[in-house]
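Trainee: I should like to understand how the terms used for a protein model are justified. May I put some questions to you?

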Amino acid sequence: MSRIASARVIVTSPGRNFVTLKIETDDGLTGLGDATLNGRELAVASYLSDHVIPCLIGRDAHRIEDLWQYLYRGAYWRRGPVTMTAIAAVDMALWDIKGKAAGLPLYQLLGGASREGCMVYGHANGATIEETIDNALHYKEQGYRAIRLQAGVPGLATTYGVSKDRYFYEPADADLPTEAVWSTEKYLRSVAPLFEKARDALGWDVHLLHDVHHRLTPIEAGRLGRDLEPFRPFWMEDPTPAENQEAFRLIRQHTTTPIAVGEIFNSIWDAKDLIQNQLIDYIRATVVHAGGLTHLRRIAALADLYQVRTGCHGATDLSPVTMAAALHFGLSIPNFGVQEYMRHTAETDAVFPHAYSFAGGLMHPGDAPGLGIEIDEALAAKHPYKRAYLPVNRLEDGTLWNW
Ligand SMILES: O=C(O)C(=O)C[C@H](O)[C@H](O)CO
Ligand SMILES: [Mg+2]
């Protein structure tokens with residue numbers, strides 16, 4: 001038995017904020033878990049330090065399922081992003097410890113590799129269609145088999161997914177939320193031309209993806225999906241906010257463009273009806289925000305019954321610890337679809353040395369025992385927390401909208 005001897009939360013900001021849980025056992029093993037919830041980081045840090053860590057000390061680190069149930073059922077207050085991110089951090093750290101105890105990379109404990117590597121999609125974006133396609137060509141040259149396209153919308157000063165930098169994008173950009181202006185009409189006019197020109201320039205042997213970022217009504221989403229059909233997108237992501245899941249029936253009636261939803265889901269209960277009614281094609285729930293590997297495996301197993309594949313969220317606010325966990329998970333499950341890969345900066349990678357790697361459009365978690373991820377605590381301490389918020393959106397008349 002390995003007993004949990006200590007656990008602590010490390011908050012660091014190497015370019016952006018990350019919250020990491022480190023668990024140590026009485027037989028000298030350590031495990032890492034990501035607990036980052038963009039823009040609400042300290043709520044999870046407090047949840048862990050004040051309410052979870054005291055319950056962990058002295059418990060058997062190998063009883064992962066039991067500890068998961070203990071934290072989930074035991075809180076009485078179930079679900080929600082803060083709770084499920086905190087549980088995820090514990091779960092990831094315990095799987096890391098189990099892998100290290102076994103001397104095996106985690107994917108071996110999850111059933112072994114089901115494929116050579118995990119196909120990832122990169123983010124091509126630009127202020128104009130031409131700039132976006134130019135970026136996409138660079139991704140293609142690097143071997144990417146799947147590329148997300150987001151272009152600036154003529155008439156809007158800023159839009160989701162478009163960065164000033166070719167490869168790095170950080171939307172949580174200010175210590176109070178910046179306010180952007182949104183026009184659905186302007187946006188809808190701009191997407192089909194982007195995909196048409198992208199197919200001309202990139203050909204048909206690369207998957208093209210697009211994130212709507214929760215901004216449309218169901219009927220608008222149906223129209224966009226239909227307009228994109230000739231260009232065969234891999235998926236249209238978050239076409240509408242997913243609180244109203246009936247909306248997806250309406251979207252489905254109008255388009256065969258595949259739909260990906262779920263990056264803000266935190267439990268199987270958020271995803272169950274969409275999956276069972278086959279209203280989506282890809283489930284984007286992630287290790288860090290959906291209760292860890294233990295819970296995400298349950299979601300993936302349900303999805304597999306309905307031919308829904310995974311397409312886990314992987315923006316830069318999901319730390320390298322989550323990326324490592326996501327790759328072990330993606331390599332092992334039968335119904336992996338694609339993994340988002342928004343590269344971390346060199347500053348972030350230096351704080352989190354890792355065994356995962358990219359080659360030929362695929363990522364592999366590596367064969368180091370456990371998750372294959374470390375944290376350089378001395379370096380982490382040199383990057384103190386900096387409050388940062390995601391933006392908010394307003395329509396042109398000032399109405400608050402979905403960002
Ligand atoms: O990567 C994506 O698909 C996103 O939608 C990124 C989100 O805006 C980001 O992770 C919010 O923190
Ligand atoms: Mg998204």
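Trainee: In which loop is the place of Arg232?

Mentor: Arg232 sits in the loop between H7 and strand E8 (235-237); helices (H or I, at least four residues) and strands (E, at least two) are DSSP runs, numbered from the N terminus. This is a predicted model, in which local features need pLDDT of at least 70, side-chain atom pairs count only at pLDDT 80 or more, and totals for chains, interfaces and linings use all residues. Residues are numbered from 1 along each chain as its sequence is written, while chains are lettered from A and ligands numbered from 1 in the order in which they are written.

Trainee: Why does Arg232 count as partly exposed?

Mentor: A residue is buried if 20 or more other C-beta atoms, placed from the backbone, lie within 10 Å of its own, exposed if 12 or fewer, and partly exposed in between. Arg232 has 14 C-beta neighbours inside 10 Å, and therefore counts as partly exposed. Its phi is positive, about 45°, although Arg232 is not a glycine.

Trainee: Is His214 buried or exposed?

Mentor: His214 has 20 C-beta neighbours inside 10 Å, so it counts as buried. His214 is placed in the loop between strand E7 (207-211) and H7, and has a positive phi of about 65° although it is not a glycine.

Trainee: What makes H6 roughly parallel to H7?

Mentor: The axes of helix H6 (residues 184-202) and helix H7 (residues 218-228) cross at roughly 20° and come within 9 Å. Angles under 35 degrees count as roughly parallel, over 145 as roughly antiparallel, 65 to 115 as roughly perpendicular and the rest as oblique. H6 is therefore roughly parallel to H7. Among the residues making the contact are Leu188 and Phe195 of H6 and Leu224 of H7; two residues are in contact if their C-beta atoms, placed from the backbone, lie within 7 Å.

Trainee: How do you know where the largest nonpolar core lies?

Mentor: A nonpolar core is a set of buried Ala, Val, Leu, Ile, Met, Phe, Trp, Tyr and Cys residues joined through C-beta atoms within 7 Å. The largest one has 114 residues, of which Leu48, Val90, Met92, Ile280 and Val287 touch the most other members. Domain 1 (4-105) and domain 2 (109-368) both contribute residues, so this core lies between them; the domain bounds come from an automatic or database domain assignment.

Trainee: How many residues of each domain are in contact with the other?

Mentor: In domain 1, 30 residues are in contact with 31 residues of domain 2. H3 gives the most to the side of domain 1 that touches domain 2, with 11 residues.

Definitions and conventions. Axes fitted to C-alpha atoms, helices over the stretch in contact; angles between N-to-C directions.
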